[in-house]
Amino acid sequence: MWSNWAGNETAQITPARPVSVAALQQAVAAPQSMRAVGAGHSFTPVVSGADRIIDLSDLDVPTVLQVDGDKAWVNANARLRDLSPALSNHGVAFRNLGDINTQSLAGAVSTATHGTGRELPCLAAEITAARFVAANGDMLSTDDIPLEMAQVTLGLLGVLTEAQINVVPKYNLHRRVRLSALQDSLDTMHDNWVGNRNFEFFYIPFTGKAVEIRHELTDAPETKAPRDLDMIAVKVLKLARNAGHLSAGLRRGLLHLLTLAQSDENYVGESWQVLCSDRRIRFKEMEYHLPPETAGDVLKEIILRLERDHRDIYFPIEVRQTAGDNAALSPFQGGPRISIAIHSDADEDHERYFNAIEPLFVEAGGRPHWGKMHGLAYKELSGLYPDFDRFCALQEELDPTGKFLSPAMARLFRP
Ligand SMILES: Cc1cc2nc3c(=O)[nH]c(=O)nc-3n(C[C@H](O)[C@H](O)[C@H](O)COP(=O)(O)OP(=O)(O)OC[C@H]3O[C@@H](n4cnc5c(N)ncnc54)[C@H](O)[C@@H]3O)c2cc1C
């Protein structure tokens with residue numbers, strides 16, 4: 001049985017694993033419906049629901065094919081955690097990355113995976129050309145279709161094999177992490193995005209405190225990174241939540257201790273090692289990308305409702321900003337967006353919390369992360385993207401039998 005990372009999406013299918021592009025072309029050309037899988041790190045039904053799943057991990061494409069100045073051709077199905085050191089060997093790096101690097105590049109770009117930074121676009125916007133296997137098994141490229149259609153696709157136009165990406169000379173980042181009062185983080189967040197290359201913060205529920213994370217470019221050499229204590233912190237948050245069933249005071253006490261124990265971080269490392277970490281505690285997530293001017297009020301309302309109505313939730317709320325781009329299905333199309341992410345324990349019910357918060361995101365003009373839970377369908381989504389119907393028309397033209405259109409995809413991309 002196939003399962004995604006969070007365990008909330010499953011399929012009674014053993015994924016096929018073609019080892020060559022020719023074998024992939026043959027597999028895609030078969031008439032049964034199919035979905036491609038990267039690392040299975042999406043929370044939404046973007047992989048399950050078709051007759052077949054095709055896993056691209058074994059394709060015999062070199063991790064890095066060619067580096068030429070500020071562009072590199074790479075294996076689109078390589079994991080980001082393998083691409084970064086391989087690019088580093090060529091003296092270059094991704095301009096930005098998200099919280100983790102377990103995803104495949106194709107999986108990450110197909111859902112518009114992002115990091116944080118007011119001037120830094122999502123990964124998909126760094127794709128400058130791509131080659132892919134179309135529904136009939138033919139090889140196509142961005143010479144055949146507009147680039148902005150091919151950057152974010154949820155696998156609906158074909159199966160990516162190779163991608164050309166923007167790269168920058170490899171660089172070190174100076175990471176600084178500190179605890180702040182939530183009100184301070186809210187008051188200064190816009191300035192912080194202007195003043196820092198990467199800035200984000202996590203609100204720790206029921207504490208009034210946020211953890212702020214900043215990264216700046218530096219020529220300084222690497223220093224020793226502290227032990228990653230995120231897992232312990234989340235465990236203490238859960239322990240405090242459980243203790244709260246006995247006494248609200250006990251929960252407050254434990255959370256107070258946690259904030260006292262939160263130690264500042266201050267070190268230098270190579271970009272991809274500083275930007276990405278492991279997430280060993282499984283969760284479910286909803287993230288919306290909001291017009292920047294609405295995000296502060298939405299965040300305040302979420303916190304109010306969380307602390308009033310959802311005392312079982314213990315995961316922090318993450319707040320990031322991403323630069324705008326031109327990709328037809330990018331949630332950042334047309335201008336920068338502030339992303340707010342809410343989480344629940346992978347083994348616990350998320351629906352009451354997520355259903356209560358989602359209308360706040362929608363009313364504020366938010367666009368959902370394609371790989372994270374949301375309840376929108378074609379009717380709402382087509383109104384959020386100016387080029388949505390153009391994308392749907394191209395999808396129908398390239399995939400006339402609806403091979404990539406599982407029921408969950410049809411709900412999003414067909415009236
Ligand atoms: C712990 C964790 C941390 C995360 N952190 C972040 C973060 O910091 N920022 C963020 O934006 N998101 C984040 N995400 C979400 C994640 O980046 C996205 O859901 C991403 O799409 C997952 O990549 P994947 O390789 O697992 O792709 P999958 O989930 O396997 O697939 C995603 C989509 O890509 C398609 N696809 C895969 N391969 C191909 C291919 N070769 N050709 C065409 N289509 C293909 C699939 O069909 C599917 O539609 C996180 C998720 C988890 C579980």
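# Tour of the ligand shell, domains and helix pairs

Begin at the ligand and select α3, which gives the shell around the ligand its largest share, 4 residues. The model is a predicted one.

**Stop 1: the ligand shell.** Keep α3 (105–110) selected and add β3 (34–37) and β10 (159–166); each of these elements supplies at least two residues of the shell around the ligand. Now widen the selection to the 33 residues around the ligand. Which of them come nearest? Label G38, G98, G107, G155 and G371 to see them. Colour the shell around the ligand by class, and 14 nonpolar, 16 polar and 3 charged residues appear. Colouring by domain shows that domain 1 (2–55) and domain 2 (64–169) each give at least three residues to the shell around the ligand.

**Stop 2: the domains.** Select 2–55 for domain 1, 64–169 for domain 2 and 172–359 for domain 3. Hide domain 2 and place a centroid on the C-alpha atoms of domain 1 and another on those of domain 3; these centres lie 31 Å apart. Where the two domains touch, 5 residues of domain 1 are in contact with 5 residues of domain 3. On the domain 1 side of that contact, select by class: 3 residues are nonpolar, 2 are polar and none is charged.

**Stop 3: α6 and α7.** Two packed helices are described by the angle between their axes and the distance between the axes. Show residues 230–244 as α6 and residues 248–261 as α7; the helices pack at about 165°, and their axes are 7 Å apart. Angles over 145 degrees count as roughly antiparallel, so α6 is roughly antiparallel to α7. The crossing of α6 with α7 is right-handed. For the contact, select A233, V236, L237, L239, A240, R241, A243 and G244 on α6, then A248, L250, R251, L254, L255 and L258 on α7. By class, this contact between α6 and α7 holds 11 nonpolar residues, 1 polar residue and 2 charged residues.

**Stop 4: α9 and α10.** Move on to residues 292–309, helix α9, and residues 351–363, helix α10. How far apart are the axes of α9 and α10? The distance is 10 Å, with a packing angle of about 165°. Therefore α9 runs roughly antiparallel to α10. Here α9 and α10 make a right-handed crossing. Show side chains for V298, E301, I302, R305 and D309 of α9, and for A356, I357, L360 and F361 of α10, which make the contact. Coloured by class, the contact of α9 with α10 has 6 nonpolar and 3 charged residues, and no polar ones.

How values were computed: Residues numbered from 1 in each chain as written. Predicted model: local features only at pLDDT ≥ 70, side-chain atom pairs only at ≥ 80, totals over all residues. Domains from an automatic or database assignment. Contact = placed C-beta atoms within 7 Å. Nonpolar A, V, L, I, M, F, W, Y, C, P; charged D, E, K, R; others polar. Near = placed C-beta within 6 Å. Axes fitted to C-alpha atoms, helices over the stretch in contact; angles between N-to-C directions. Parallel < 35°, antiparallel > 145°, perpendicular 65-115°, else oblique. Left-handed = near helix turned anticlockwise from the far one by under 90°.
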